[in-house]
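Reader: I am new to this structure and would like a close look at a single part of it. Please take one charged residue and follow what surrounds it.

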Amino acid sequence: MTIYFDLDNTCIDTEMIRRMEARVALRYGIPMRTYFECGNLALMRDRTTFSFECVYDLLHEYYPDLPRTIIRELYRVLAVRCFMPGALQFLGRFRKEDLVLVTSGDPVFQRIKIETHLLSHYTREIHIVNDKTICIRPESLPVFFMDDAPRHIEAVGRAHPWVTCIRVHEPPSWEIQQETTHPHIYVESLWDAALYITGVSK
């Protein structure tokens with residue numbers, strides 16, 4: 001058995017992390033809504049190079065006197081562990097040999113979050129890629145893929161019809177694609193996914 005799972009909003013609570021970031025911005029006089037809008041714009045421009053430096057550049061257009069010290073404070077937020085409900089139980093349910101983390105985004109930015117949450121202790125492989133389909137291999141069946149983003153569920157399901165795709169709760173507001181008609185299992189948390197996988201793998 002191989003279980004591929006996503007990082008943001010699947011294993012860790014990225015929405016909570018973003019709210020903590022917005023509270024940092026608020027201390028600098030930036031409304032939370034403005035911070036979210038700039039963060040979303042930075043993500044839409046290029047997810048593969050997203051960083052707080054990119055967000056700062058956008059904020060600086062509205063707030064020319066904004067000090068660069070905010071960047072350092074935003075990175076400090078990433079040192080806080082914010083697991084999604086049920087994620088730690090999920091990670092403890094399976095062998096390290098069964099779990100593979102697959103995420104997309106800027107490698108440096110993603111690696112900080114991965115190290116904060118000590119995910120290398122729970123997984124045999126970690127992939128930070130633009131296209132998640134290239135990581136899926138039929139070396140140990142059955143194979144499961146879990147993500148909150150419908151676009152990734154759709155891509156993996158179409159590229160690898162033998163994979164059981166599991167969408168874990170609803171996607172965040174910054175996901176451009178909010179729905180998919182591709183067949184998949186829907187659960188509320190990684191723990192619910194663990195229970196499903198355990199049940200069908202007996």
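Author: D6 has a relative accessibility of 4%, under the 20% cut-off, so D6 counts as buried. This is a predicted model. The side chain of D6 forms a salt bridge with that of K132, at 2.8 Å from N to O. D6 sits in the loop between strand 1 and helix 1, while K132 belongs to the loop between strand 3 and strand 4, so the salt bridge ties together parts 126 residues apart in sequence. K132 is buried as well, because its relative accessibility is 2%.

A network of salt bridges links D6 and K132 with D147. D147 is a residue of strand 4, where V143, F145 and D147 point one way and F144 and M146 the other way, all of them buried. With 5 of its 5 residues buried, strand 4 (residues 143-147) is therefore largely enclosed by the rest of the structure.

Strand 4 has partners. Strand 1 (residues 2-5) runs parallel to strand 4 and is joined to it by 4 bridges; the bridge partner of Y4 in strand 4 is F145. Strand 5 (residues 164-168) is also parallel to strand 4, again with 4 bridges, and M146 has I166 as its bridge partner there. Between strand 4 and strand 5 the chain passes through helix 7 (residues 150-159), in a right-handed β-α-β crossover.

The loop that holds D6 also contains D8, whose salt bridge with K113 has its closest N and O atoms 2.9 Å apart. K113 lies in helix 6 (residues 107-116), 105 residues from D8. Both D8 and K113 are buried.

Technical notes:
Residues are numbered from 1 along each chain as its sequence is written. This is a predicted model: local features need pLDDT of at least 70, side-chain atom pairs count only at pLDDT 80 or more; totals for chains, interfaces and linings use all residues. Side-chain values use heavy atoms; hydrogens and water are left out. Buried means under 20% relative accessible area, exposed over 50%, partly exposed in between (1.4 Å probe, protein chains only). Helices (H or I, at least four residues) and strands (E, at least two) are DSSP runs, numbered from the N terminus. Two strands pair if DSSP finds at least two bridges between them. A crossover is right-handed if, with the strands pointing away from the viewer, the path from the first strand over the helix to the second runs clockwise. A salt bridge is a side-chain nitrogen of Lys or Arg within 4 Å of a carboxyl oxygen of Asp or Glu.
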